[in-house]
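Colleague: Hi! Could you walk me through this one while I have it open on my screen?

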Amino acid sequence: MRNEAVQRVALIFKLLDANGNGVLEAKDFELNADRVLAVATDSRPEARQALVDSMRGWWNVLEGALDADGDGVISPQEFEASVLDPERFAPAADTFANALAALGDPDGDGLIERPRFLALMTAWGFDVPNINQLFDAFGPDDDDRVTVTAWADAIRDYYTPGLSGIPGDHLVPLPA
């Protein structure tokens, strides 16, 4: 696995561990969905439900594939060993990517404005400078908007271990 992918895995584990107890469990995915939905109150109901469903589905896939000892939690070691297996996780990542990106487009015009993007990504726990770098990497239009498709594609790429130099790499803090 590429070094960039390892760094992305470590960051996403930290962010998914919403209650900060060092393992992933079903309630982390519910907490994350709640945090994101709290800033997407004007999103269409079907988009909001799609995010909830994608988070539950993501947890179910992870638990079924990674919780080898059946204890209902996924350790960092279990997560890091397998999470970026494209054949196993691509469908869950795709569903999640489409659901999250749709929350960014409450008016359905196919575009996401920077403030909305910042709010959603901050709710996930990403750092604002990194979020702005990511948004800029998408090449926003003159009205400071990016396409829903560009964001969904970037989310899918984030979970693809063989890729490097992708926009999502901007989310990983650089070492001091």
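Colleague: Let's start with α2 and α3. At what angle do they pack, and how far apart are their axes?

Modeller: This is a predicted model. In it, helix α2 (residues 26–38) packs on helix α3 (residues 45–66) at an angle of about 160°, and the axes are 9 Å apart. That makes the two helices roughly antiparallel.

Colleague: Is the crossing of α2 past α3 left-handed or right-handed?

Modeller: Right-handed. On the α2 side the contact is made by Ala26, Phe29, Glu30, Asn32, Ala33, Val36 and Leu37. From α3 come Arg48, Leu51, Val52, Met55, Arg56, Trp58, Trp59 and Leu62.

Colleague: And how does the contact of α2 with α3 break down by class?

Modeller: It has eleven nonpolar residues, three charged ones and one polar one.

Colleague: Nice. How do the axes of α2 and α6 cross?

Modeller: They cross at roughly 155° and come within 8 Å of each other. With an angle over 145 degrees counting as roughly antiparallel, α2 and α6 are therefore roughly antiparallel too. In passing α6, α2 makes a right-handed crossing.

Colleague: Which residues make the contact of α2 with α6?

Modeller: Asn32, Arg35 and Val36 from α2, and Leu120, Ala123 and Trp124 from α6. Sorted by class, the contact of α2 with α6 has four nonpolar residues, one polar and one charged. Asn32 and Val36 of α2 also appear in the contact with α3.

Colleague: Switching to charges. How many salt bridges are there in the whole structure?

Modeller: A search of the whole structure turns up nine. One of them joins Asp144 to Arg114, with the closest N and O atoms 2.7 Å apart. Asp144 is in the loop between α7 (128–137) and β2 (145–147), while Arg114 belongs to helix α6 (residues 114–124), so the pair ties together parts that are 30 residues apart in sequence.

Colleague: Are Asp144 and Arg114 buried or exposed?

Modeller: Arg114 is buried, at 14% relative accessible area. Asp144 is partly exposed, at 27%.

Colleague: What about the backbone of Asp144, is phi positive or negative there?

Modeller: Positive, at about 60°, although Asp144 is not a glycine. Most residues other than glycine have a negative phi.

Colleague: Good to know. Which residue does Arg145 form a salt bridge with?

Modeller: Asp143, with the closest N and O atoms 3.5 Å apart. Arg145 is partly exposed, with 22% relative accessibility. Asp143 counts as exposed, because its relative accessibility is 56% and the cut-off for exposed is over 50%.

Colleague: And in α8, where does Asp153 sit relative to Arg156?

Modeller: The two are three residues apart in helix α8 (residues 148–158), which means a separation of about one helical turn. Their side chains meet in a salt bridge, 2.7 Å from N to O. Both count as partly exposed: Asp153 has 34% relative accessibility, and Arg156 has 24%.

Colleague: Which residues are linked in a network with that pair?

Modeller: Asp94 is linked with Asp153 and Arg156 in a network of salt bridges.

Colleague: One last area, the segment after α8. Is Ile166 there buried or exposed?

Modeller: Ile166 is buried, at 9% relative accessibility. Leaving aside its neighbours within four places in sequence, Ile166 is in contact with Arg8, Asp157 and Tyr158. The C-alpha atoms of Ile166 and Ala137 are 8.8 Å apart, and those two residues are 29 residues apart along the chain.

Colleague: And Gly168, where is that and what does it touch?

Modeller: Gly168 is also in the segment after α8. Not counting residues up to four places away in sequence, Gly168 touches Leu134 and Tyr158. Tyr158 is also a contact of Ile166.

Colleague: Is Gly168 buried or exposed?

Modeller: Buried, with a relative accessible area of 3%.

Colleague: How far is Gly168 from Asp142, C-alpha to C-alpha?

Modeller: Those C-alpha atoms are separated by 22 Å, for two residues that are 26 residues apart along the chain.

Colleague: Great, thanks for going through that with me!

Terms used: Residues are numbered from 1 along each chain as its sequence is written. This is a predicted model: local features need pLDDT of at least 70, side-chain atom pairs count only at pLDDT 80 or more; totals for chains, interfaces and linings use all residues. Side-chain values use heavy atoms; hydrogens and water are left out. A salt bridge is a side-chain nitrogen of Lys or Arg within 4 Å of a carboxyl oxygen of Asp or Glu. Helices (H or I, at least four residues) and strands (E, at least two) are DSSP runs, numbered from the N terminus. Buried means under 20% relative accessible area, exposed over 50%, partly exposed in between (1.4 Å probe, protein chains only). Axes are lines fitted to C-alpha atoms, for helices over the stretch in contact, and angles run from 0 to 180 degrees between N-to-C directions. Angles under 35 degrees count as roughly parallel, over 145 as roughly antiparallel, 65 to 115 as roughly perpendicular and the rest as oblique. A crossing is left-handed if the near helix is turned anticlockwise from the far one by less than a right angle, and right-handed if clockwise. Contact means heavy atoms within 4.5 Å. Ala, Val, Leu, Ile, Met, Phe, Trp, Tyr, Cys and Pro count as nonpolar, Asp, Glu, Lys and Arg as charged, and the others, Gly among them, as polar.
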